[in-house]
Amino acid sequence: MDFADSPEEAAFRLRLREWLADNDPGLPPSSTTDEYWAGQAAWHQTLYDAGFFGLSWPTAIGGQGLPSVYDVILDEELIAAAAPPRPSVGYLVRGLLEHGSDDVHRRFLPGLVSGRDRWCQGFSEPDAGSDLASLRTKAVLDGSEYVINGHKVWTSYSDAADWCLVLARTDPDVPKHRGISAFAVPMRQSAITQRPLKMINGITREFGEVIFDGARVDATNMIGEPGEGWRLAMTVVSHEREPGELGYVARYGKLVNDLVDHVKAAPAAFGAEQRRDLAWSIVEAEMLRCHVSRRLSDRLDGIDHGPEGSVDKLLMTEVEQAVGHAAISVGGSAPGGGDDTWLRVYLYSRAQSVMGGTSQIQRNLIANRILELPTK
Amino acid sequence: MDVRLSPEQIALRDSAAQAVDKLGPATVAQLDDAERASKLDAAIRAAGWRELRTPSDDGKPWASAVEVAVVAEELGRGLADAAFLGPTLAADLRRRSGAPPTTASETVALVRDLSRLAEADNDADAIAVDALGASSALLLLAGEDGRRVGMVFLENGTTGADLTRQVARPQRGSRATALGGQARPLPADDIARWLSLGLAVTCADLVGSMRGALTLATKYAKERKQYGEAIGSFQAVQHLLADAHVAMEGSRSIALHAAWAVDALPADDALAAGAAAKAYCVRAARLVCETSIQVHGGIGNTWECLAHVFLRRALFSSEVLGGVGANLERVMATRGIGGEYGLR
């Protein structure tokens, strides 16, 4: 049991630290302003080109083939350098790796991993939120192509995406979970319209909705077998719930460090309650760092896609919202000088208990699959 | 980095689990079974778990704080009513002082609110913790050249909130005396490391209490029926238990790191890790233990239900070396944003 670096890990850390000293793009933390997303593609490619992205993914798809725990080192060094967090595409990579054929791996994963191709995820619909399996978007085979009609929503980064991982119903005659298939759909076609949704903190470049009106996708772009879409979706969302896959340890570490610096710059302006809220956010962020170290260590002998992601999601949410509470406590609702960064951090934090599966759904999953409580 | 327990640590965990499952109190009534309790005490003694922090030939402890935490978690889970925390902390303090190990049953004395080690000038208020069977307790003595480790003799122990562990007062009129054989005053770093050990061990005990309380409540929720269904099938109950499980898992992760930090990080970083873990585990333990009582309904509010024994044990572990308040102050001091206690 050792949290310390092995000699190889220490050498990697040093190399990364030296590289970060010259290559920090100075972006704000993710999801605080539109500025982050505008610069994220370049940051992704910079990290990738230097060999610091996709650390634990196979080399065949552009990863570095390193043990899972290297992601902890990356997150820690991003925090120390005050650099932006790594792009969160790990859950898509895991889904395609687990369910896609060799052909799918070869065609799609290198572009996704390198950041050359931008991806979004078309799962939720206006009438299929927590009850995702009731989705109504349809894909019908027409020659060598599927024709897709439907409406997707909460599609993060739909405005910039080249590809969308779409869940669509291919068989309406079987029980709802079994009639769904997954496709890699090219976004650049006239039968697809996307609209941004403005979030409560004012950002417009994160959330979107996407209309498929006779969009076409080659049948070879189906990921997995017909009817495998639900299982793929469960693989994707189980990893979308993992802070280790998302790189959010770095996101919270950066936010907390910025808050600490803010308080230290004018200590007299902050009282006991604000310091206490900030201290809790420090403790919470530290907990998540330790927790991700534990989870990624458990993966050293191989990955699984179990229900533990729901535990991780609730812990991540607890941290995000504790940091949010510290941000509004320290920043206040009427900040002087027009800088409302901390208000935006706080408001964004409310989404964490909804996106990727609500906290209530996570609790159901933990109760049934981990605690093995009976279902009604 | 590989934070999985080693095969040896897993074997240690399993033998601690076996001992407490066989000899710990399985019911509230068994708390009064002195013969059982003395067998548990004998088993812990025979296993040598109280000596993990005594010096080996090179002066370093026999085992790291991780091994201590592994044992503490299982003893907390099984509500072990035999001393472990106190003798372990006394052995570590004695080793750091350079004084030879003792064969006497010894613990440590803390200040009145239990938030830190007692010093001789306030020893009238000192309270020896986990004092079952202990005849003496260690504390700090201020001197011209710094602080040394002293010893006081103890009155007989009594039970407080925690039904599984005792506290004791120093004997009235007895003065603390410096331990013989101390080559030098205790450096501040040693006091910080000792404190980080105490925080890590109390965190591990809290994690154990959480696991025990949650297992108890989950089992009950599967058995107890209302409206013709097991109450564990209702979302309202499921969500309480799921939240408790999540709080326990987060605590486990941060407590594990705090235990590793004791011997692996610079003293102040080890203390910062311990303080963060303690604040987190204390808040979580109250949530989990209170949830266990709530899920048990009326039964959970009766003396016969073990749920309150877990809560009581957690209350005491929480106060030993400080709860949320003292440890958030330590966290603030670490990051330079306040903290009236200072880092120590």
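A residue is called buried here if 20 or more other C-beta atoms lie within 10 Å of its own. By that criterion β1(B) is mostly covered, since five of its five residues are buried. The structure is a predicted model, and the account below starts from this strand, moves through the sheet and the core, and ends where chain B touches chain A.

## The sheet around β1(B)

The sheet is an open one of seven strands from chain B, in the order β5-β6-β2-β1-β3-β4-β7, with mixed pairing. Its edge strands are β5 (158–159) and β7 (177–178) of chain B, each of which pairs on one side only. In general, strands of a sheet pair through backbone hydrogen bonds, either parallel or antiparallel. The table gathers three of the pairings in this sheet.

| Strands | Sense | Bridges |
|---|---|---|
| β1(B) and β3(B) | parallel | three |
| β1(B) and β2(B) | antiparallel | three |
| β2(B) and β6(B) | antiparallel | two |

Individual residues show how these strands are set against one another. The bridge partner of B:Val108 in β3(B) is B:Leu138, while B:Ala109 stands opposite B:Ala128 in β2(B), and B:Ala128 in turn stands opposite B:Ala168 in β6(B). Helix α4 (residues 85–97) of chain B lies across β1 (106–110), β2, β3 (136–143) and β4 (146–153) of chain B, and runs at about 90° to β1(B).

## The nonpolar core

Which residues touch the most other members of the largest nonpolar core? In this core of 230 residues, they are B:Val108, B:Leu139, B:Ala200 and B:Ala255, and the largest share of the core, 19 residues, comes from α5(B). Leaving aside residues up to four places away in sequence, B:Val108 touches, among others, B:Gly86, B:Leu89, B:Ala90 and B:Leu93, as well as B:Ala128, B:Leu138 and B:Leu139. As a general tendency in soluble globular proteins, nonpolar side chains are buried together.

A loop residue may be examined in the same way. B:Ala176 is found in the loop between β6 and β7 of chain B, and it counts as buried because it has 23 C-beta neighbours inside 10 Å, where 20 or more are needed. B:Ala176 and B:Leu141 are 35 residues apart in sequence, with 7.8 Å between their C-alpha atoms.

## Where chain B touches chain A

In the contact between the chains, 41 residues of chain B meet 39 residues of chain A. The elements that give two or more residues to the chain B side are α5 (188–223), β9 (229–230), α6 (235–264), α7 (267–295) and α10 (324–335) of chain B. Of these, α6(B) gives the most, with 16 residues, and the residues of the chain B side divide into 20 nonpolar, 14 polar and seven charged.

Helix α10(B) can be followed a little further. At 1.5 Å a residue its 12 residues should span 16 Å, and its end C-alpha atoms are 16 Å apart, so the expected span and the model agree. The buried residues of α10(B) are B:Ala326, B:Asn327, B:Leu328, B:Glu329, B:Arg330, B:Val331, B:Met332 and B:Ala333. What covers these buried residues includes α9 (272–298) of chain A together with α7 of chain B. Just after α10(B), B:Gly336 takes a positive phi of about 70°.

How values were computed:
Residues numbered from 1 in each chain as written. Chains lettered and ligands numbered in written order. Predicted model: local features only at pLDDT ≥ 70, side-chain atom pairs only at ≥ 80, totals over all residues. Contact = placed C-beta atoms within 7 Å. Helix = DSSP H or I, 4+ residues; strand = E, 2+ residues; numbered from the N terminus. Nonpolar A, V, L, I, M, F, W, Y, C, P; charged D, E, K, R; others polar. Core = buried A, V, L, I, M, F, W, Y, C linked by C-beta atoms within 7 Å. Buried ≥ 20, exposed ≤ 12 C-beta atoms within 10 Å, placed from the backbone. Pairing = 2+ DSSP bridges. Axes fitted to C-alpha atoms, helices over the stretch in contact; angles between N-to-C directions. Expected span 1.5 Å × (residues − 1).
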